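Welcome! Here are some short exercises to work through with the model open beside you. Try each task before you read its solution.

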Amino acid sequence: MPYSPSTNTNIIMTPTLFFLFIFFFPLLSSAHNSLHLNHTSFSLSFPLTSLPLSTNTASKMLRDSLIVYSNRTRNTTRLASPSSPYNYRLTFNYSMALIVNLPIGTPPQVQPMVLDTGSQLSWIQCHRKPPKVPPPTVSFDPSRSSTFSNLPCTHPVCKPRIPDFTLPTSCDQNRLCHYSYFYADGTYAEGNLVREKFTFSRSLFTPPLILGCATESTDPRGILGMNRGRLSFASQSKITKFSYCVPTRETRPGSTPTGSFYLGHNPNSLRFRFIPMLTFSQSQRMPNLDPLAYTVALQGIRIGGRKLNISPAVFHADAGGSGQTMVDSGSEFTYLVNEAYDKVRAEVVRTVGSRMKKDYVYGGIADMCFDGNAIEIGRLIGDMVFEFEKGVEIAIPKERVLASVEGGVHCVGIGNSDKLGAASNIIGNFHQQNLWVEFDLANRRVGFGAADCSRLAP
């Protein structure tokens with residue numbers, strides 16, 4: 001997720017559209033023991049169902065970026081794991097955003113959540129009444145779950161100074177831990193912090209995890225936080241790796257493109273090419289740095305076979321943390337800092353400048369846009385390649401350089417992160433299409449592997 005240039009006002013603008021990944025979780029075959037999330041011995045696959053998402057929702061459900069007047073603590077509760085190994089596989093559909101439908105509670109209630117590798121806290125809808133904005137959603141009912149519990153004000157998370165967890169909390173009238181999320185576009189989510197299990201079957205479940213249970217919000221879905229923070233789903237459930245393969249937007253009439261998502265071992269990973277995941281110690285924390293993001297060392301960019309004259313230092317965090325490059329499933333577009341964005345734009349202008357839509361800026365962040373034939377313009381621009389160390393690349397074919405945004409307008413899928421209010425480079429999911437992306441947490445590395453993602457799902 002994009003981060004704020006200030007540690008005191010941590011607000012991030014978000015792109016208007018991003019993709020919707022949908023996972024459905026049927027009951028699994030019975031077993032006698034609960035299963036470890038940090039071991040991998042077998043795969044589980046699931047069918048998928050398409051779910052439309054409103055534009056209003058698509059613009060908001062990304063971030064773990066808040067107005068920070070936070071309370072923190074140094075201590076967290078050590079969570080016990082279930083007791084036998086597993087590998088978990090899901091499938092998803094494209095629509096307009098990244099949504100996972102997860103079974104939560106005992107017995108499970110399926111809840112839609114935005115899958116976001118840039119957020120820490122996961123939260124679900126616990127509305128007393130349906131939200132006013134469409135589409136309607138089924139809220140989680142705590143009274144129906146035997147494993148639900150509220151966090152009291154005395155819990156460490158509700159007290160000051162967790163080093164890597166920034167969340168405004170307070171004590172409500174019932175002495176329960178209350179939290180508030182305020183997004184840059186004026187939307188919000190607030191409620192109580194709770195503990196609850198993700199229950200995939202009678203024998204497959206997580207330990208109780210700390211979640212937000214939103215009783216007031218302007219959006220109908222929650223967030224599945226998957227960053228490196230200690231209270232993310234990935235950390236609390238103790239998974240050692242996860243991966244996903246994003247299908248392309250194109251599809252045959254009447255069909256929906258599908259992709260795959262794994263918790264645990266991915267049988268395709270032997271052909272992935274890995275690069276180190278950059279991490280930062282407490283002494284390296286800088287004002288503009290997001291230390292919990294999945295940071296990688298981008299080296300350069302090619303367009304149409306032409307290497308752009310961009311110093312690799314532009315893609316690395318400077319003394320203040322600006323320039324960090326992260327991989328984010330929660331952003332649709334890719335974002336580049338000024339120096340890199342200007343070089344990309346200059347190359348696009350050189351090849352197709354006469355066809356650009358004049359005085360048009362999409363979402364306040366992207367101004368490489370066109371009214372004409374997108375296929376023809378894409379061919380003129382050429383393939384785009386993001387270069388990493390060890391020869392690892394993310395290659396975007398010319399057919400997918402342009403994103404359809406509104407009213408027949410197509411834009412190069414890159415925005416200016418400075419206009420976003422961030423100081424980082426962000427590789428969004430638009431440039432992760434037909435690509436396996438694996439986050440190997442145990443070995444601190446990120447893997448990529450080209451694939452026809454739509455053909456992978458059963």
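The protein has five helices and 26 strands, and the model you see is a predicted one.

**Exercise 1. Get an overview.** Find what share of the 458 residues counts as buried, and what share of the contacts with a separation of 6 or more comes from residues 24 or more positions apart.

*Solution.* Start with burial: 59% of the 458 residues count as buried. Next, turn to the contacts. Among those with a separation of 6 or more, 76% are between residues 24 or more positions apart. Finally, look at the surface: about 17,700 Å² is exposed, and carbon and sulfur atoms supply 51% of that area.

**Exercise 2. Follow a ring pair.** Classify the aromatic pair of Y294 and F439, and work out which parts of the chain it ties together.

*Solution.* The structure holds 13 aromatic pairs, and here we pick out one of them. A pair of aromatic rings is described by the distance of the centres and the angle of the planes. For Y294 and F439 the centres are 4.5 Å apart and the planes make an angle of 45 degrees. Planes under 30 degrees apart would count as stacked and over 60 as edge-to-face, so this pair is tilted.

Now locate the two partners. Y294 sits in the loop between strand 13 (273-276) and strand 14 (298-303), while F439 belongs to strand 25 (residues 435-440), so the pair ties together parts 145 residues apart in sequence. Y294 is buried, at a relative accessible area of 1%, and F439 is buried too, at 0%.

To finish, widen the view: ring pairs link Y294 and F439 with F242, Y244 and F261 into a cluster.

**Exercise 3. Examine helix 3.** Check the length of helix 3 against its number of residues, then decide where its buried residues lie.

*Solution.* First, the length. With 1.5 Å a residue, the 15 residues of helix 3 should span 21 Å, and the end C-alpha atoms are 20 Å apart, which agrees.

Second, list the buried residues of helix 3: A340, Y341, V344, E347, V348 and V352. Viewed down the axis, these buried residues fall within an arc of 130 degrees, so they line one face of helix 3. The spacing fits a simple rule: an α-helix has 3.6 residues a turn, so residues three or four places apart point the same way.

**Exercise 4. Find the two sides of helix 4.** Name the buried residues of helix 4, the exposed ones on the face turned away, and the elements that cover the buried side.

*Solution.* In helix 4 (residues 374-381), I377, G378 and I381 are buried. Down the axis they fall within an arc of 100 degrees, so they line one face of helix 4. The face turned away from that buried side carries I375 and R379, which are exposed. The cover over the buried residues of helix 4 includes strand 14, helix 3, strand 18, strand 21 (402-406) and strand 22 (409-412).

**Exercise 5. Look around a glycine.** Is G105 buried or exposed, and which residues does G105 touch beyond four places away in sequence?

*Solution.* Place G105 in the chain: it lies in the loop between strand 2 (99-104) and strand 3 (109-116). Its relative accessible area is 0%, so G105 is buried. Setting aside residues up to four places away in sequence, G105 touches F140, S145, T147, E196, K197 and T199. For T147, which is 42 residues from G105 along the chain, the C-alpha atoms are separated by 6.2 Å.

How values were computed
Residues are numbered from 1 along each chain as its sequence is written. This is a predicted model: local features need pLDDT of at least 70, side-chain atom pairs count only at pLDDT 80 or more; totals for chains, interfaces and linings use all residues. Side-chain values use heavy atoms; hydrogens and water are left out. Rings of Phe, Tyr and Trp (its six-membered ring) pair if their centres lie within 6.5 Å; planes under 30 degrees apart count as stacked, over 60 as edge-to-face and the rest as tilted. Helices (H or I, at least four residues) and strands (E, at least two) are DSSP runs, numbered from the N terminus. Buried means under 20% relative accessible area, exposed over 50%, partly exposed in between (1.4 Å probe, protein chains only). Contact means heavy atoms within 4.5 Å. Accessible areas come from the Shrake-Rupley method with a 1.4 Å probe; for residues, only the protein chains shown count as cover. The expected span of a helix is 1.5 Å times one less than its number of residues. The arc is that of the directions from the helix axis to the C-beta atoms.
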